[in-house]
Amino acid sequence: MFYYVGVETEEPEFDFIVVGSGAAGMTAALTAVLAGLRTVVLEKTEFYGGSTARSGGGVWLPGNAALRKAGRQDSPADAAKYLAYVAGEDTPQSLRSAFLEHGPAMLDLILANTPLTLEWVPNYSDYYPEAPGGKASGRSVEPGLMDAKVIGRDIAQLRPPYLPAPVGITVTQANYRWMSLGTSHWRALTTTARVTGRMITTKLRKRQLLSMGQALAAGLRAGLARADVPLWLNTPMTGLDIQDGRVVGVQVLRGGVPAVLKASRGVLLATGGFERNAEMRQRYQRAPIGTEWTVGSPGNTGDGIVAGEEAGGVLELMDDAWWGPSIPLASGPVFCLAERSLPGSLFVNAAGERFVNEAAPYVDAVHAMYDKHTDDNPHIPCWMITDQRYRNRYVFTGMPPRKALPRRWYKAGVVFKSDSLAELAGQIGVSADGLIKTVDKFNEFARTGKDTDFGRGDSAYDHYYGDPNCKPNPNLAPLAQPPFYAIKIVPGDLGTKGGLRTDERARVLARDGGVIAGLYAAGNTSAMVMGRSYAGPGATIGPAMTFGYLAALDAAEKDVIRKP
Ligand SMILES: Cc1cc2nc3c(=O)[nH]c(=O)nc-3n(C[C@H](O)[C@H](O)[C@H](O)COP(=O)(O)OP(=O)(O)OC[C@H]3O[C@@H](n4cnc5c(N)ncnc54)[C@H](O)[C@@H]3O)c2cc1C
């Protein structure tokens with residue numbers, strides 16, 4: 001059945017066709033229509049929003065209005081220095097400059113034309129705050145709470161969040177940071193009380209509040225509705241229409257029937273990454289890999305990347321992803337954030353040895369898993385080891401402190417427990433000698449406050465998800481209180497980050513030189529401006545929105561939209 005959301009149009013001919021309804025696609029569509037282009041958004045699945053709607057909704061964008069409003073000092077030179085350090089040789093300088101130069105104007109346009117509000121996430125540090133130009137106070141903003149009524153009945157087609165909270169509970173990124181501290185810090189208790197109070201009042205008022213990626217996607221969707229941009233669900237793009245070397249439209253299925261839609265000014269491929277395409281993952285990425293460890297959106301099967309490559313586009317960074325250590329539960333993987341940084345836990349390989357700073361930025365932690373993985377000493381899976389003290393204090397993957405972990409997790413072989421480290425090692429097939437020595441050494445680091453092996457707790461970023469009450473190092477506490485736990489950890493991801501190489505106007509570069517006329521790519525369909533790294537929280541959505549915006553401006557032959 002073909003569903004239609006938005007304003008009916010008789011005319012199947014457009015100026016600009018946007019394929020994909022995530023952050024990149026919806027930002028581009030809104031920009032395009034404000035620039036005067038007849039625009040449509042095509043979405044393959046029955047929901048709009050993609051990974052964007054499932055996400056934390058963080059937007060990393062140096063110098064943006066919400067940061068300025070919060071009084072955060074920054075300079076373009078510092079931001080440029082920092083991005084050069086992070087993305088380095090993997091990204092052309094022109095792309096980095098375009099992102100930094102145009103990002104704030106893009107956000108101004110979005111804020112002026114949608115109900116979205118954005119707020120600084122206090123002290124959510126850049127991922128490398130000690131690097132040149134880095135900021136420990138962070139450059140990340142998140143959506144303010146939004147009333148679901150801004151999108152009316154379209155709420156029913158908003159892609160659901162990745163971890164649905166109990167009905168009525170709305171948590172922001174800033175809330176999550178404190179709530180993960182469970183019972184160990186007064187701010188955890190006050191934040192939990194505030195969130196609970198909010199739940200009660202919203203229920204009493206019969207309202208629904210949206211936060212994080214749900215608010216971001218809903219806000220963009222509301223902006224499209226206000227601007228009368230049609231968004232067609234259940235309408236997959238199946239290929240590009242190319243004439244005389246120029247992309248002039250797309251082939252689609254409408255209600256299961258093949259059709260061609262014409263685009264006089266161009267087509268933007270914003271179909272997300274290829275995280276849900278097993279064949280592509282195996283072809284491009286390191287083993288072991290599949291589709292079961294990603295938390296990316298179900299529709300993201302690399303369609304735009306394939307279509308762009310068939311049209312002659314250059315592919316880059318295909319072996320990489322927005323990786324993160326994840327727990328492979330049967331109900332779906334859980335992407336670990338605070339769990340890895342809180343004190344009293346560590347990661348070991350099959351030899352029972354640590355191999356990485358567990359609190360490191362998530363992409364780095366998984367790069368270490370793959371780099372060090374061998375047949376003789378597997379690092380995939382690796383194991384998170386912790387103890388009862390940790391369980392008594394902190395929230396673990398949504399489980400309140402002290403609450404017994406579900407039996408099904410043990411049955412599935414994802415969690416193990418024992419009073420003895422040696423026995424625990426036996427259960428998970430890890431060297432017992434290695435594990436005991438590692439825990440002894442780690443406990444000594446916790447006493448001195450200095451991890452001389454991997455520097456856990458040396459960076460301000462590590463501290464963000466640490467426990468401020470844990471002294472002398474907020475990321476280090478001994479594992480001394482049985483029972484001990486082992487939790488399986490695999491290389492999960494938020495999505496892939498390799499794709500079509502684009503220029504500073506988001507035009508797709510051709511293998512035989514130049515650009516492919518009429519073809520643009522943004523977001524995870526493009527080879528991302530962050531290269532192999534990740535500048536800070538929101539560093540996938542910030543560029544996705546910015547290059548979507550730039551694609552639309554280029555198609556409209558404008559440099560800026562002066563009067564939003
Ligand atoms: C749980 C989670 C938390 C995250 N938190 C953050 C965060 O806080 N900050 C951050 O920066 N990043 C975060 N990320 C990553 C971020 O969400 C993505 O990198 C980003 O949203 C990608 O945006 P996009 O526009 O490229 O693609 P998406 O938002 O994934 O949208 C792509 C859309 O294209 C559609 N599509 C695919 N193929 C076709 C086709 N053939 N025809 C039509 N439509 C098609 C898909 O169905 C999908 O709806 C998170 C991701 C997850 C899953």
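So, how do α15 and α16 lie relative to each other, oblique or parallel? Keep that in mind for a second, and remember that what's on the screen is a predicted model.

Okay, the helix pair. α15 covers residues 421-428 and α16 covers residues 432-448, and they pack at an angle of about 130° with their axes 8 Å apart. Angles from 65 to 115 degrees would count as roughly perpendicular and those over 145 as roughly antiparallel, so α15 and α16 come out oblique to each other. The crossing of α15 past α16 is right-handed. Who's touching whom? On the α15 side you have L421, A422 and A425, and they meet A432, L435, I436 and V439 of α16. Sort that contact by class and you get 7 nonpolar residues, with no polar and no charged ones.

Now scroll back to another pair, α4 (residues 76-87) and α5 (residues 93-113). Here the angle is about 140° and the axes are 10 Å apart, and α4 and α5 are therefore oblique as well. α4 also goes past α5 in a right-handed crossing. From α4, A79, A80, L83, A84 and A87 meet R96, F99 and L100 in α5. This contact has 7 nonpolar residues, no polar ones and 1 charged.

Last bit, the ligand. It has 39 residues around it, and the closest are E43, T52, D303, T540 and I541. For the polar contacts, a ligand oxygen is 2.6 Å from a side-chain N or O atom of T52, and there's an oxygen 2.7 Å from a side-chain N or O atom of T540. G50 comes in through its backbone, with a polar atom there 3.4 Å from a ligand oxygen.

Terms used. Residues numbered from 1 in each chain as written. Predicted model: local features only at pLDDT ≥ 70, side-chain atom pairs only at ≥ 80, totals over all residues. Heavy atoms only, no water. Axes fitted to C-alpha atoms, helices over the stretch in contact; angles between N-to-C directions. Helix = DSSP H or I, 4+ residues; strand = E, 2+ residues; numbered from the N terminus. Parallel < 35°, antiparallel > 145°, perpendicular 65-115°, else oblique. Left-handed = near helix turned anticlockwise from the far one by under 90°. Contact = heavy atoms within 4.5 Å. Nonpolar A, V, L, I, M, F, W, Y, C, P; charged D, E, K, R; others polar. Near = heavy atom within 4 Å. Polar contact = N/O pair within 3.5 Å; in protein donor to acceptor, adjacent residues only side chain to side chain.
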